Every structure is written in structure tokens, then in C-alpha cells.
Amino acid sequence: MTAALAEKGIRAVPPAGITPPRTARRRRRAVDDGTPRWQIYLPLGLYLLFTLVPFYWMLLFAVRPAGSTSLVPWPATGEHFAKVWNERSFGMYFQNSMLVGVATLITTTVVALCGGYALARFRFRGKSAFMLGLLCSQFIPGALMLVPLFEIFRNLQLINSLWSVIIAETVFQLPLSIILISGFIKNVPMALEEAAWVDGCSRFRGFCAVVLPVLRPGLIAVGSFAFVHSWNHFLFALMFLSSQDKQTIPVGLNTLIGADSVDLGALAAGGVVAAVPVVIVFAFIQKWLITGFSAGAVKG
Amino acid sequence: MAIAVAKPSRRRDRRLPYLLIAPAALLMLGFIAYPMISVLYYSLQDYNVTKPWRNGFAGFSNFTRIFTDDPLFWQSLAFSARWVVVEVGLQLALGLVLALLVNQTFIGRGIARALVFSPWAVSGVLTTTIWMLLYNPSTGFSRYLADAGIGTYGTSVLSDTGTVFWAAVLAELWRGVPFFAILILADLQSIPKELYEAASVDGANRYRKLLHITLPHLRDAIVLSTLLRGVWEFNNVDLLYTLTGGGPAGQTTTLPLYVANTGVDGHDFGYASALTTVAFVILLFCSILYLRLSKFGGDRT
């Protein structure tokens, strides 16, 4: 494993002998192409305003008392949160969304790991057909599949069960996840696995001992993708879950949006509840997201 | 590579790849391929649960109706095309600039990256929530501008046919730009530093480096991400469904939204299936054309 990392590391560092030993500092300098500071800070600052003002606006509405027109969130109140959590059943929606998100994360990662390993490490008949299916399915709009999917889940008696949403989410997450994971596995040298076999490991044990640890950043990226997408998805939950105690956060938000007289404070508080988990996940993964992608994801 | 190494039993190895792809393949066959085929089948049927006496084989009548007798189809198709082109174009331009900016070395880079990328994780419905608060005429942004003497009170950008398109575009842009910025930044980091160093030795300034090193290197990533995003923007209805509901007066109805309305609310499943088929063919055709025109994966000379 360390050999693999070293191999990757060597490519990033200029050849030894030419460079002085303080390579880390030199490498960071190399990105700096002499752009004047203001040409970075000014456009970035403007863009940050565009990004952050909407978030601030939501927070502001969520914590300021009803009827207030203040632009600072002080004095703050928790009344809107208490209202959406209890009266508007966001507590229940939150639980449902969590269940769907975590279940989708697990099923997507496990199924995609198997498929990705097969694609990366084996040549078999039907492989290119399978690849073609993965790519083509990217063009099939989930929104256009609602009606036939509804019929299938009705026949399986899964309508109004969270499993319908979990299955649908997993299925539409799979193609991209498999492509990403097989890309990650291809980046792990085959020789590492073969070395484990020589040491007497079975294929499975060798995989767990050698490949899995190196794959961690990639798996975290794929898993959080699956979680964030299913946490956010709206149409499947709207269509397949009919009773109120099964619904998820986006559906709950849509109910608040569509109400005859929109309660803006409650809506904003509901938005904050919807945002918190994905923001936490995002903060946790955003560094891996970029390295995960550059590890051969886009290039396949 | 696979010569003399003691591979764990050969015979089991031959079945192993099929066992490994089986779960994924079965799920995709059952929940993507089968529904797709049933859509094709129903596109040739009259199938409407509210008018069961008319159900039955319809030949190509659904398709002739789409192309000859359905102004809403053409209107929603035109809107979809405009929506995809405007969104993807603007998202790419801003995402590229943003990625180049946060790829620079400066103080506070880590936190700046995290903040500008954060809307990536936000859902369509949550985007609607946030921008409805901003666009709301009585408590939103325009009210505070009016307080400061800019504009007038009571303007709702979402109910005015002149502004609703750009209001929706801005909201979608807010959450769409980070996708491009993340993908492009990832690809930027794979450019060997030596290329830039060599160019500096040759006396190239930073604009020439951008033009001759960075952009050519990014080409495949840009082609692929614009394609993925284009398909995604075409298909995704969450934001428009919740923000404008396709209105005012059908102004912001995309094709998938029209299909969903026809199939789900109108119960006209046969016709909705034919629309789905047409949408899928258009999407596939445009994607292939785009990959051809951009010479994706070709050598970069």
C-alpha cells in the first residue's frame, strides 16, 4: 500500500537532484503564477457574496421573530424551529430522510463496489454491453420514469414504503458510482493484490487488506454522493410515498412552499433543517471530493 | 501480468465477475431497462385510466399527435433547449473562472473553497425555498432595495413573464456553478507543474499559459462535464416544479415537466410515454452529436 502511495507521490515531485530539498514549499509556489492579489480577492469576494447572501437570508428568516423586518438575526428566536419540528412534523420527515439517505448510501456503495471491482479487474463476455448500459442509463431521465416505476412498485406492494424510494435512488445512483469506483480500483496497482495472493490471501481477503484501505477517499466521495442525492431527491418521494408519516424533508418543504399563505419563518426554519445534514457532510468531504475526482474519475 | 502468479482458483474466477455485477445488473434491468421498455410499449397504446373504454393499440397516432397537433410540446421543447443552453453556458463560464481562482495560492484558500462550493450540496427544493424568501415581494430583497430608493414595492419577479426566466436562471445558477468548479478544479490539479515551469522558462506570460496549457488540458473534462450537466439540467424538474410550477402561463414548462403533468396529473399515460420516447431520442441524438462535434477523446493537437 505504501508502495502505491509512494508511486503516486513520486510523480508529483520533480525529479530528485534538480530540486533543493524544500520541495513542499516549491510545489506550492509553482501554482502562484504572479496574479496580483486584488485580481483574486475582488472577483472571489463578489462571488462569495452571491453564494452566501442567500444562505444568510434563510438563516435570518429562520431566527428572527414573525413580523420583524430587521436585517440582523438578533434577537433570535427558536419559535419557527419548534413549529416546523413539531406542528409541521419535520421531526418525522427528518427521521425518514435519514433512513432513506443512510440506506441508499450503504446499498449504493456495496453494490457499486462489487460491480466496479468486476469492471476493473476482469475481462468477461458481456462486459462492454454492461458498460454501454451504464453509460446509456445516464441519459434516461428519472422524471420520465415516474409512471412505469410507480406501476412496478405498486405490483411489488412497496408503494408508501420507504424501500421504494431507497431502491429507486440506489438504481439511479449506481451507474455513475460504478464508473467512479472502477476508475479508483484501476488506479490501485494489480501487483499489490497479487502480492497478497502470493502471501496466501484469498481474493476477498486480499481485496480487504490491500485495495480497500487505498480506496477509502473514493468510497467516501461515492457514499456521500449517494447520501446527498437521496437526501435531496424530491420526485420519487413525492410520487411513491402517499401517507404523511412516510414523507421526507423535500416533500415537507414543498408542502410549506405550496401552502395558501406561506409562513416564511416556518419555511426558512424548514430549509435550515434540510440544509444542516448536507452541509455537515459537505464540510467533511469537500477536500476528498476534489482528490476523489482527480484520481481518474473524470478521465474514466 | 497474470502469468505465473498463484491466482486463487481459476474456475471460480470465471464465474466471479458475473456474480459481482449481478446485483447491479439485476437492479438496472428491473428498474431502468424494464420501465424503459414499458414506456416504449405504452407509447404505441392509448392508455388512460380515466378513459378506459378507449384503451388499446394506437399505432403511431400518439407520435403524429406530438409532431402535428401539440403546440405545448414545441413550446416546452423550446423552453428546455433555451434553459439547458443558458444554464450550462453560464455555469461553465462561471465555474471555470471560479476553479481558476481557487486554484491560485492565497491566504484563506481552504475556507474560500469550502464556502463557494457549498451550494453544490443543496437540493432543488431547498434552492426554491431560499430564493422564494429572496424574491418574495413583501419581505424579500426587492423590498429592502425599495426601502433604499431603488425600484418599486410589490414587484414579484416570479409572476412577471418578462422576469421569471432570468429569476429561475439565477437561482439554478447559484447551485449549479459549484458542480463545474469542483470538476474543473479536480482536473486542473492533474496538470503537471513542469509544463508551467517550462513555459515560464520560454518566457510565456500567464495568459499564454492559460490559452496554451490549461485550456487544452481541460478540454475533455469540459466536454464531459457540460454533457453530463446538460442532460441533468434537461431532466431535472425539482427547481422549476417547485419555484414556478411551470408558470406563469406555461412560460417555464420544460419537456420533462410537461411529460410529468400529462402522465401524472392528466392520467394520459400512453401519450406521456410517447413524449418520453421522443424526449429520450432527442437527448441521445444531441449527446452523440455533441460528442462528435467536440471530438471527445481525440488527440489534442
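Let's start with one residue, B:Y258. Leaving aside neighbours within four places in sequence, B:Y258 is in contact with B:L72, B:S76, B:T253 and B:L275. Keep in mind that this is a predicted model, and that every contact here is read from predicted coordinates.

Where does B:Y258 sit? B:Y258 is found in helix 11 of chain B. Is B:Y258 buried or exposed? The cut-off for buried is 20 or more other C-beta atoms within 10 Å. B:Y258 has 25 of them, so B:Y258 is buried. Not every residue of chain B is close to this spot, though: B:V88 is 170 residues away from B:Y258 in sequence and 21 Å away in space, going from C-alpha to C-alpha.

**Two helix pairs in chain B**

One of the contacts of B:Y258, B:L275, brings us to helix 12 of chain B, because B:L275 is part of the contact that helix 12 makes with helix 11. Here are the two packings that helix 12 of chain B takes part in.

| Helix pair in chain B | Angle | Distance between axes | Crossing |
|---|---|---|---|
| Helix 11 (residues 255-265) and helix 12 | about 160° | 8 Å | left-handed |
| Helix 9 (residues 206-235) and helix 12 (residues 269-293) | about 160° | 11 Å | right-handed |

Take helix 11 of chain B first. Its angle to helix 12 of chain B is about 160°, and angles over 145 degrees count as roughly antiparallel. The two helices are therefore roughly antiparallel to each other. On the side of helix 11 of chain B, the contact is made by B:L255, B:P256, B:Y258, B:V259, B:T262 and B:G263. Helix 12 of chain B brings B:F269, B:Y271, B:A272, B:L275, B:T276 and B:A279 to this contact. Sorted by class, the contact has 9 nonpolar residues, 3 polar ones and no charged ones.

Now for helix 9 of chain B. Helix 9 and helix 12 of chain B are also described as roughly antiparallel, as follows from their angle. Their contact is made by B:L227, B:V231 and B:F234 of helix 9, together with B:L283, B:S287, B:Y290 and B:L291 of helix 12. Of these contact residues, 6 are nonpolar, 1 is polar and none are charged. There's a handy rule for looking at lists like these: an α-helix has 3.6 residues a turn, so residues three or four places apart point the same way.

One more residue of helix 12 of chain B deserves a look, namely B:V278. Is B:V278 buried or partly exposed? With 19 C-beta neighbours inside 10 Å, B:V278 counts as partly exposed. The C-alpha atoms of B:V278 and B:L40 are separated by 10.0 Å, while the two residues are 238 residues apart along the chain.

**Over to chain A**

What is chain A made of? Its secondary structure comes to 13 helices and 0 strands. Of the 300 residues of chain A, 44% count as buried. Contacts between distant parts of the sequence matter for the count here: among the contacts in chain A with a separation of 6 or more, 78% join residues 24 or more positions apart.

Helix 12 of chain A (residues 249-258) is a nice example of burial. 7 of its 10 residues are buried, so this helix is largely enclosed by the rest of the structure. The buried residues are A:I249, A:P250, A:V251, A:G252, A:L253, A:N254 and A:L256.

**Where the chains touch**

How many residues of chain B are in contact with chain A? There are 85 of them, in contact with 84 residues of chain A. Helix 1 (residues 10-43) of chain B gives the largest share of chain B's side, with 15 residues. That side divides into 57 nonpolar, 18 polar and 10 charged residues.

**How far to trust the picture**

For the complex, the predictor gives an ipTM of 0.83 and a pTM of 0.82. Chain B has a mean pLDDT of 84, and 94% of its residues reach 70 or more. Within chain B, confidence is lowest in strand 2 (residues 56-57), at a mean of 77, and highest in helix 3 (residues 71-102), at 93.

For chain A the mean pLDDT is 80, with 85% of its residues at 70 or more. Confidence in chain A is highest in helix 5 (residues 90-121), at 93, and lowest in helix 1 (residues 2-12), at a mean of 37. Over residues 1-30 of chain A the pLDDT is below 50, and this stretch has 17 contacts in the model beyond near neighbours in sequence. Residues 296-300 of chain A also have a pLDDT under 50, and the model has 16 contacts beyond four places in sequence for them. Where pLDDT is low, the predicted coordinates should not be read in detail.

Key
Residues are numbered from 1 along each chain as its sequence is written. Chains are lettered from A and ligands numbered from 1 in the order in which they are written. This is a predicted model: local features need pLDDT of at least 70, side-chain atom pairs count only at pLDDT 80 or more; totals for chains, interfaces and linings use all residues. Axes are lines fitted to C-alpha atoms, for helices over the stretch in contact, and angles run from 0 to 180 degrees between N-to-C directions. Helices (H or I, at least four residues) and strands (E, at least two) are DSSP runs, numbered from the N terminus. Angles under 35 degrees count as roughly parallel, over 145 as roughly antiparallel, 65 to 115 as roughly perpendicular and the rest as oblique. A crossing is left-handed if the near helix is turned anticlockwise from the far one by less than a right angle, and right-handed if clockwise. Two residues are in contact if their C-beta atoms, placed from the backbone, lie within 7 Å. Ala, Val, Leu, Ile, Met, Phe, Trp, Tyr, Cys and Pro count as nonpolar, Asp, Glu, Lys and Arg as charged, and the others, Gly among them, as polar. A residue is buried if 20 or more other C-beta atoms lie within 10 Å of its own, exposed if 12 or fewer, and partly exposed in between; C-beta atoms are placed from the backbone. pLDDT is the predictor's confidence in each residue, from 0 to 100.
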